[in-house]
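Please open the structure in your viewer and keep the sequence panel beside it. The tour below goes from one selection to the next and says what is found at each stop.

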Amino acid sequence: MRTATATAAAVATTLVGAGAAAVAAGRYAADAALRPRPGRPLPGGPRLSVHSTGPGRVALTRSLASLRPGTYGLAGPGVHAVVGSVLGGAAHDPDIVVRRLLAVTHGSLVPGARVALTPQVHAGDPGSALGLEYADVDVPGELGALPAWFVPATRGTWVIAVHGLGAGREHPMVVMPLLHRLRLPVLALSYRGDAGAPASPDGLGHLGESEWRDVDAAIRYALRYGARRVVLHGWSTGAAMALHAAERSALADRISGLVLDSPVLDWHATLRALVTARHTPAALVPFAVRAAEGRAGLRAGHQRPGEDPGRLRVPVLIFHGPGDALAPWEPSRRLAQARPDLVTLRTVLDAPHGAMWNADPHGYEEALRRFLTPLM
């Protein structure tokens with residue numbers, strides 16, 4: 001009897017120890033998933049090899065990613081380039097895809113380089129990349145100064161551009177030429193956790209739950225410096241931040257519209273995707289997701305952005321598609337169905353997270369132009 005009791009106690013101790021280890025490992029994986037990595041490509045996209053380059057063309061490893069239609073950045077260590085559509089008709093190895101090479105904006109694109117497709121098309125700032133007049137400004141935030149680019153124009157409605165996961169202020173530059181043609185001033189914001197901006201107190205990202213207050217600070221800044229109204233244009237977690245601001249800000253009545261690109265509306269699914277993409281062992285994924293929700297302040301019962309469609313008060317344009325593996329498309333579809341009076345969903349096929357413009361630049365810009373025209 002004593003032997004059996006001792007054995008049972010040893011097994012129990014082992015199980016408790018294993019459980020504690022699993023929880024600790026889950027917390028570690030959660031922190032890795034939530035830690036901001038601005039300017040670094042999101043996990044999950046395949047690395048491609050550059051096989052050769054020539055005038056106006058680059059040969060890449062053949063994959064579903066390298067075959068995607070549209071315009072993308074091509075990023076790797078020390079290099080950034082821009083590629084356009086897949087070129088047909090050229091004789092090449094069946095394991096290779098040849099795309100139009102539009103520009104090499106940084107470094108050298110040499111055979112053997114390892115690169116990844118990224119939604120970030122432009123590198124630099126609005127002046128060097130787009131030839132636009134701009135100013136570096138600091139937006140006073142609750143944690144300190146938030147660096148931002150201000151691109152001036154004549155209208156009284158400003159667009160506040162808010163990037164998302166794995167990106168920085170350079171990503172929203174894809175829409176700046178259109179906004180400038182529409183004479184809309186643009187404030188492209190860096191927020192807590194970005195390079196040059198204050199870190200959050202715990203050093204982690206919260207998928208917009210705390211970061212939205214930096215968008216609120218940007219609204220205050222815009223109104224202080226001449227804006228009469230603002231449109232919030234957010235990507236990924238930036239879209240979640242825009243929705244939170246529309247629902248919670250004391251200045252929500254000065255928001256005239258929302259543009260949401262690849263919005264993170266189901267944080268559980270997004271956290272699971274992030275944790276899994278960080279190569280977390282499958283057995284630890286549930287622990288890591290639960291830990292991440294707790295660390296980010298997203299526990300059960302907490303209201304997700306856009307969860308109550310009745311709280312919407314302004315027109316909303318959503319760009320999203322079923323190819324988004326990081327932020328599921330279904331919540332965007334449900335939101336559009338629930339509020340057809342205010343929400344327009346433009347479904348973009350064959351586009352990864354944050355790359356709705358990249359997949360169809362012309363269609364994206366035309367939809368954006370039509371949406372913004374009555375709000376200007």
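Before the first selection, a word on burial: a residue is called buried when its relative accessible area is under 20%, exposed when that area is over 50%, and partly exposed in between, with a 1.4 Å probe and protein chains only. This is a predicted model, in which local features need pLDDT of at least 70 and side-chain atom pairs count only at pLDDT 80 or more, while totals for chains, interfaces and linings use all residues. Residues are numbered from 1 along each chain as its sequence is written, and side-chain values use heavy atoms, with hydrogens and water left out.

**The whole protein**

Start with a cartoon view of everything, where there are ten helices and 14 strands; helices (H or I, at least four residues) and strands (E, at least two) are DSSP runs, numbered from the N terminus. Buried residues make up 52% of the 376 residues in the protein. Among contacts (heavy atoms within 4.5 Å) between residues at least 6 apart in sequence, 75% join residues at least 24 apart.

**Strands E1, E2 and E5**

Select residues 48–54 and 57–61, which are strands E1 and E2, and you will see an antiparallel arrangement joined by four bridges; two strands are said to pair if DSSP finds at least two bridges between them. The two strands form a hairpin with two residues between them, and Gly-56 in the turn has a positive phi of about 75°. Across this hairpin, Thr-53 stands opposite Val-58 in E2. Now add residues 96–106, strand E5, which pairs with E2 in the antiparallel sense over five bridges, with Thr-61 standing opposite Ile-96.

Stay in E5 and select Arg-99, which has its place in this strand. Which side chain of opposite charge is nearest to Arg-99? It is that of Asp-350, 8.3 Å away, and Arg-99 is buried yet has no salt bridge; for charge, Lys and Arg count as positive and Asp and Glu as negative, while His and the chain ends are not counted. A salt bridge here is a side-chain nitrogen of Lys or Arg within 4 Å of a carboxyl oxygen of Asp or Glu. Show Arg-68 as well, since its backbone oxygen lies 2.7 Å from a polar atom of the side chain of Arg-99.

**Strand E3 and its two partners**

Next select residues 72–76, strand E3, where five of the five residues are buried. Tyr-72, Leu-74 and Gly-76 point one way from the strand, and Gly-73 and Ala-75 the other way. In a regular strand the side chains alternate between the two faces of the sheet.

E3 pairs with strand E4 (residues 79–86) in the antiparallel sense over five bridges, and three bridges join E3 to strand E6 (residues 114–118), also antiparallel. Leu-74 is a useful residue to label, as its bridge partner in E4 is Ala-81 and its bridge partner in E6 is Leu-117. In the hairpin of E3 and E4, Gly-78 takes a positive phi near 75°.

Move on to Val-79, found in E4, which is buried with a relative accessible area of 7%. Not counting residues up to four places away in sequence, Val-79 touches Leu-74, His-106, Gly-107, Ser-108, Leu-109 and Val-115.

**Helices H4 and H5**

Select residues 212–224 for helix H4, which has 13 residues and reaches 19 Å from its first C-alpha to its last, close to the 18 Å expected at 1.5 Å a residue; the expected span is 1.5 Å times one less than the number of residues. Ten of its 13 residues are buried, including Trp-212, Ile-219 and Tyr-221. Just after H4, Gly-226 takes a positive phi of about 115°.

Then select residues 237–248, helix H5, in which eleven of the twelve residues are buried. Its buried residues pack against H4 and against strands E9 (157–162), E11 (229–235) and E12 (255–261).

**Salt bridges**

The structure holds eleven salt bridges. Select Arg-192 and Glu-142, whose closest N and O atoms are 2.8 Å apart; Arg-192 lies in the loop between E10 and H4 and Glu-142 in the loop between E7 and E8, so the pair ties together parts that are 50 residues apart in sequence. At 6% relative accessibility, Arg-192 counts as buried.

For the last stop, select Glu-366 and Arg-369, a salt bridge with its closest N and O atoms 2.7 Å apart. The two are three residues apart in helix H10 (residues 361–372), and therefore separated by about one helical turn.

Conventions: Polar contact = N/O pair within 3.5 Å; in protein donor to acceptor, adjacent residues only side chain to side chain.
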